[in-house]
Amino acid sequence: MTFMDWIEMFLPCCRWIRTYRWREYFQVDLMAGTTVGIMLVPQAMSYAKLAGLEPIYGLYSGFVPIFIYAIFGSSRQLAIGPVALVSLLVSNVLSAIADSSDALYTELAILLALMVGILECIMGLLRLGWLIRFISHSVISGFTTASAIVIALSQAKYFLGYEIDRSSEIVPIIKSIISGADEFSWPPFVMGSIILAILQTMKHLGKSRKHLRFLRAMGPLTAVVLGTTFIKIYHPSSITLVGDIPQGLPSFSIPTSFQYVKSLIPTAFLITGVAILESVGIAKALAAKNGYELDSNQELFGLGVSNIFGSFFSSYPTTGSFSRSAVNHESGAKTGLSGIITGIIMGCALLFLTPLFEYIPQCALAAIVVSAVISLVDYEEAIFLWGVDKKDFLLWTVTTTTTLFLGIEIGVLVGVGVSLAFVIHESANPHIAVLGRLPGTTVYRNIQQYPEAYTYNGIVIVRIDAPIYFANISYIKDRLREYEVVVDKSTRRGPEVERIYFVILEMAPVTYIDSSAVQALKDLHHEYKSRDIQIAISNPNREVLLTLSKSGVVELIGKEWYFVRVHDAVQVCLQHVQSIKEASKASDPSPEEKPSFFQRLLKQRGEDSLVAELESGNNTPSDLIHGDPHLEPLLFRNS
């Protein structure tokens with residue numbers, strides 16, 4: 001790596017700064033950054049309220065982290081800041097430790113940002129992002145769907161006009177809503193419903209019509225302006241307002257209350273997982289659309305650094321936002337400069353606009369949150385999974401149900417646990433196929449998928465479609481024994497013999513074999529040998545063949561029983577089946593002198609030493625082809 005490569009690795013912003021085209025990029029970056037900034041200001045206050053914090057901390061979280069990410073982040077279109085799902089997770093864990101009105105609650109939220117940032121940096125530097133691949137998409141979809149429902153219900157108190165218990169479970173929230181119904185207030189419900197309807201209409205028009213795309217980003221600002229205007233004109237006493245918001249930029253401070261670190265670790269891991277799944281996934285998709293490469297581990301490091309620096313300026317955990325990133329991309333953002341412009345707008349809002357925010361109705365901010373999370377209810381994914389894969393649908397249903405009724409942490413643990421159980425089950429019970437030859441070809445395929453494929457008497461060809469290791473070798477051995485005993489229903493050709501004499505293992509799909517599997521192959525060879533059955537191995541890859549060679553399996557089975565193609569193995573085995581049939585027709589010697597199968601095989605090889613070449617099957621001599629319509633000896637003697 002050159003010196004510049006090292007700089008670009010730690011400061012990805014250098015990549016777009018070196019190649020920045022001011023005439024082409026600046027105007028679209030300015031427009032995109034301004035659009036996202038207008039969208040972020042009201043959203044940040046709304047998500048802070050969802051997290052149980054004062055609105056000012058949402059504005060702080062949308063300020064410093066954006067500038068840091070523009071320097072260390074590798075995505076040029078990802079818009080980071082407060083998001084609904086992380087805000088719910090923060091509220092869920094902190095409400096069990098402190099009351100949201102206490103100063104400790106705010107301190108812990110800031111400390112959580114520091115912990116999440118450190119975890120993200122560690123995972124990025126150690127390149128551990130691959131761990132999240134074990135979480136199924138069905139689990140993610142089910143988790144976000146349940147979380148979106150809980151988030152929407154948690155905002156009901158601002159619509160209904162009375163307090164509702166804070167919980168991550170759906171039952172206590174619904175009970176609280178029903179028990180307080182006598183305190184219902186019409187004004188906030190009507191205002192909140194109207195603003196929500198306006199937001200949904202603007203979002204729909206912005207998505208469906210290109211020339212109205214700006215409406216999607218203007219929705220939150222419109223909600224705030226309409227709500228504030230109504231309050232200024234009519235001064236309704238029954239509608240609660242945001243209240244006084246401190247003016248000015250956040251000051252530097254180091255997070256405190258480190259004695260609570262231990263209780264925050266699970267949530268920090270969970271938020272980090274959400275960051276990897278959401279942010280990195282969005283960033284990679286946007287990078288592919290805009291024609292540049294993105295390293296997910298470097299992206300994770302950039303998110304971590306932005307959270308660490310953000311915690312020093314009163315920020316709670318932030319990550320990439322799907323909705324704002326989509327708006328940023330659709331607005332034409334080319335580089336990280338759009339993020340810097342968004343940060344400048346947030347800074348201006350903190351310096352000059354906070355006095356105006358005092359009159360924003362709480363129900364307007366709640367409507368912004370509900371509008372944002374409605375799109376997270378992924379019922380279309382459930383319908384798709386029902387039609388495609390019932391197992392994934394079950395996984396989606398289990399995750400959604402447990403998250404709704406048992407809480408976020410239990411829901412995630414159950415979903416991940418069931419997902420891993422499915423992975424282990426699939427790995428321990430791999431797909432194994434009996435192969436047959438397609439008529440007129442030298443190609444061998446699964447006889448269940450291709451009923452026209454035919455097999456040969458005395459030979460069974462088995463393909464193992466997975467790595468062979470300690471967890472699945474027992475299952476594979478059991479299946480091989482079944483194939484030896486159970487006769488398949490496909491068309492059989494070749495010499496008529498009463499049992500199986502050869503088992504050909506097609507090992508092209510086998511990418512790995514461990515020591516347990518090697519020992520099992522040795523045992524299987526001895527077991528087969530005691531019953532006069534020979535193993536032949538076809539097309540093992542280099543690593544597998546090297547393992548078999550080092551362990552002595554190659555010498556044990558015999559080098560002559562390793563083949564490049566299944567067809568080559570069938571030719572050799574078919575010839576020996578024919579010789580066995582011919583030998584069985586001769587008079588049987590006395591039991592004391594009767595040779596074993598391998599002795600007969602050795603004798604036949606000595607007599608047939610001129611047979612040295614494997615043919616494709618199309619060059620079989622006409623006298624053999626027309627002699628027996630069911631016999632296709634793929635080897636013949638050189639004349």
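This is a selection-by-selection tour of a predicted model.

**Whole chain.** Start with everything shown as a cartoon. The protein has 27 helices and 10 strands. Along the principal axes, its C-alpha atoms fill a box of roughly 115 × 60 × 50 Å. The radius of gyration is 34 Å, whereas a compact globule of 639 residues would come near 26 Å. Switch to a surface: about 29900 Å² is exposed, and carbon and sulfur atoms supply 61% of that area. Of the 639 residues, 52% are buried. Taking contacts between residues at least 6 apart in sequence, 80% join residues at least 24 apart.

**Helix 13.** Select residues 261-290, which make up helix 13. Centre the view on Thr-267, where the helix has a kink of about 25°. Then move to Gly-291, which follows helix 13 and has a positive phi, near 75°.

**Helix 16.** Next select residues 337-357. Where does helix 16 bend? The bend is at Leu-351 and amounts to about 60°; Pro-355 follows within four residues. Now colour the buried residues of this helix, among them Leu-337, Ile-341, Met-346, Leu-350 and Phe-357. Glycines are included too: Gly-339, Gly-343 and Gly-347 are buried. To see what the buried residues pack against, add helix 2 (13-18), helix 3 (22-50), helix 4 (55-61), helix 5 (64-72) and helix 15 (322-330).

**The open sheet.** Hide the helices and show the sheet formed by 6 strands, in the order 4-3-6-8-9-10. The sheet is open and its pairing is mixed. Strand 4 and strand 10 (562-563) stand at the edges; each has a single partner strand, so one side of each is left without a neighbour in the sheet. Zoom in on strand 3 (residues 432-437), which pairs with strand 4 in the antiparallel sense over 3 bridges. Label Arg-437 and Tyr-444: Tyr-444, in strand 4, is the bridge partner of Arg-437.

**Asn-446.** Stay on strand 4 (residues 444-446) and select Asn-446. Is Asn-446 buried or exposed? Asn-446 has a relative accessible area of 8%, so this residue counts as buried, the cut-off being under 20%. Show its side chain as sticks together with the backbone of Gln-448: a polar atom of the Asn-446 side chain lies 3.0 Å from the backbone nitrogen of Gln-448. Finally, add the residues that Asn-446 contacts beyond its neighbours within four places in sequence: His-431, Ala-433, Val-434, Leu-435 and Arg-463. Of these, Ala-433, Val-434 and Leu-435 fall within strand 3 (residues 432-437).

Terms used:
Residues numbered from 1 in each chain as written. Predicted model: local features only at pLDDT ≥ 70, side-chain atom pairs only at ≥ 80, totals over all residues. Heavy atoms only, no water. Bend = angle between axes of the 7 residues up to and from the residue. Helix = DSSP H or I, 4+ residues; strand = E, 2+ residues; numbered from the N terminus. Buried < 20%, exposed > 50% of the residue type's maximum accessible area, 1.4 Å probe, protein only. Contact = heavy atoms within 4.5 Å. Polar contact = N/O pair within 3.5 Å; in protein donor to acceptor, adjacent residues only side chain to side chain. Rg over C-alpha atoms; globule rule 2.2 N^0.38 Å. Areas by Shrake-Rupley, 256 points an atom, 1.4 Å probe, with all protein chains shown as cover. Pairing = 2+ DSSP bridges.
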